[in-house]
Amino acid sequence: MTVQIGDTLPDILLQKVGNDIEPVASASLFAGNKMVLFAVPGAFTPTCSERHLPGFVEHFDAFRARGVDIACLSVNDPFVMQAWAQSQQVPAELLMLADGNGEFTKALGLELDATAYGMGLRAKRFALYAEDGVVKQLWVEAPGEFKVSSAEYVLAQLS
């Protein structure tokens, strides 16, 4: 079952990536915060690296001006996410979250079977807006598309 508007996000251990890598309960990330969580099928993949993450980096200050935090999620290991963040010059305040085993992604019902491409289980491309851990808006891309989860689209929906 896919997460729906009004649902509380699951509380699952993720790896928060920055200068260090630290485990963090997802509930603690969302508690008391307004946050956009966007997910990519894979770090270093073309659309993710050329458009998706760069859009949120470019518009980071616009989200923050609205009091909204940003987090990027991928079913990758934390070391890959750390290297990707460094290569993309991600601001320290933009949370990079590794869901290495896809547990959070599966709990959301937003997993993607990419075994046909040699990539295993991944996250669908999506974005959601949550307040205090409750989903207020959700945008899930159709396969192969990049429209409704872009930073520009999400920012326009929050305006």
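**Exercise 1. Find the loop that holds Asp132, and say what stands out about its phi angle.**

Step 1. Asp132 sits in the loop between strand 8 (126–131) and strand 9. Strands (E, at least two residues) and helices (H or I, at least four) are DSSP runs, numbered from the N terminus.

Step 2. Phi of Asp132 is near 50°, a positive value in a residue other than glycine.

Before going on, please note that this is a predicted model, in which local features need pLDDT of at least 70 and side-chain atom pairs count only at pLDDT 80 or more, while totals for chains, interfaces and linings use all residues. Residues are numbered from 1 along each chain as its sequence is written, and side-chain values use heavy atoms, with hydrogens and water left out.

**Exercise 2. Describe Phe44 in the same style, then turn to Ser87.**

Step 1. Phe44 is found in the loop between strand 3 (34–40) and helix 2. Phe44 is not a glycine, yet its phi is positive, at about 70°.

Step 2. With a relative accessible area of 47%, Phe44 is partly exposed. Here buried means under 20% relative accessible area, exposed over 50%, and partly exposed in between (1.4 Å probe, protein chains only).

Step 3. Ser87 belongs to helix 4 and is partly exposed, at 45%. Along the chain, Ser87 and Phe44 are 43 residues apart, and their C-alpha atoms are separated by 9.2 Å.

**Exercise 3. Work out whether the length of helix 2 agrees with what its residue count predicts.**

Step 1. Helix 2 covers residues 46–58, which is 13 residues. The expected span is 1.5 Å times one less than the number of residues.

Step 2. That rule gives 18 Å, and the end C-alpha atoms are 17 Å apart, so the two agree.

Step 3. Now look for the buried positions: Cys48, Ser49, His52, Leu53, Gly55 and Phe56. As you study them, remember that an α-helix has 3.6 residues a turn, so residues three or four places apart point the same way.

**Exercise 4. Compile the contacts of Phe146, Ser149 and Cys72.**

Step 1. A contact means heavy atoms within 4.5 Å. The lists below do not count residues up to four places away in sequence.

Step 2. Phe146 lies in the loop between strand 9 (134–140) and helix 6 (151–158). Phe146 is buried, with a relative accessible area of 13%. Its partners are Thr47, Arg51, His52, Arg125 and Glu141.

Step 3. Ser149 also lies in the loop between strand 9 and helix 6, and counts as buried at 0% relative accessibility. Ser149 touches His52, Phe56, Arg125, Phe126, Ala127, Trp139, Glu141 and Val154.

Step 4. Cys72 is placed in strand 4 (residues 69–74) and is buried, at 0%. Among the residues that Cys72 touches are Phe38, Val40, Leu53, Met81 and Trp84.

**Exercise 5. Describe the two pockets, beginning with the largest.**

Step 1. Start with the term: on a 1 Å grid over the protein atoms alone, a pocket is an open set of points where a 1.4 Å probe fits, with protein on both sides within 12 Å along at least five of seven lines; lining residues have an atom within 4 Å of a point. A volume is the space filled by probe spheres set on the points, which are joined across faces, edges and corners.

Step 2. The largest pocket holds about 450 Å³ of space. Its lining has 18 residues, and Pro41, Leu112, Arg125, Pro143 and Gly144 lie nearest the centre. Helix 2 gives the most to this lining, with three residues.

Step 3. The second largest pocket has a volume of about 270 Å³. It is lined by 16 residues, of which Val17, Gly18, Asn19, Pro91 and Ala92 lie nearest its centre. Helix 4 supplies the largest share of that lining, three residues.

**Exercise 6. Check the overall size of the protein chain against the globule rule.**

Step 1. The chain has six helices and nine strands, and buried residues make up 48% of its 159 residues.

Step 2. The rule is 2.2 Å times the number of residues to the power 0.38, with the radius of gyration taken over C-alpha atoms.

Step 3. For 159 residues, a compact globule would have a radius of gyration near 15 Å; the chain has 14 Å, which agrees.
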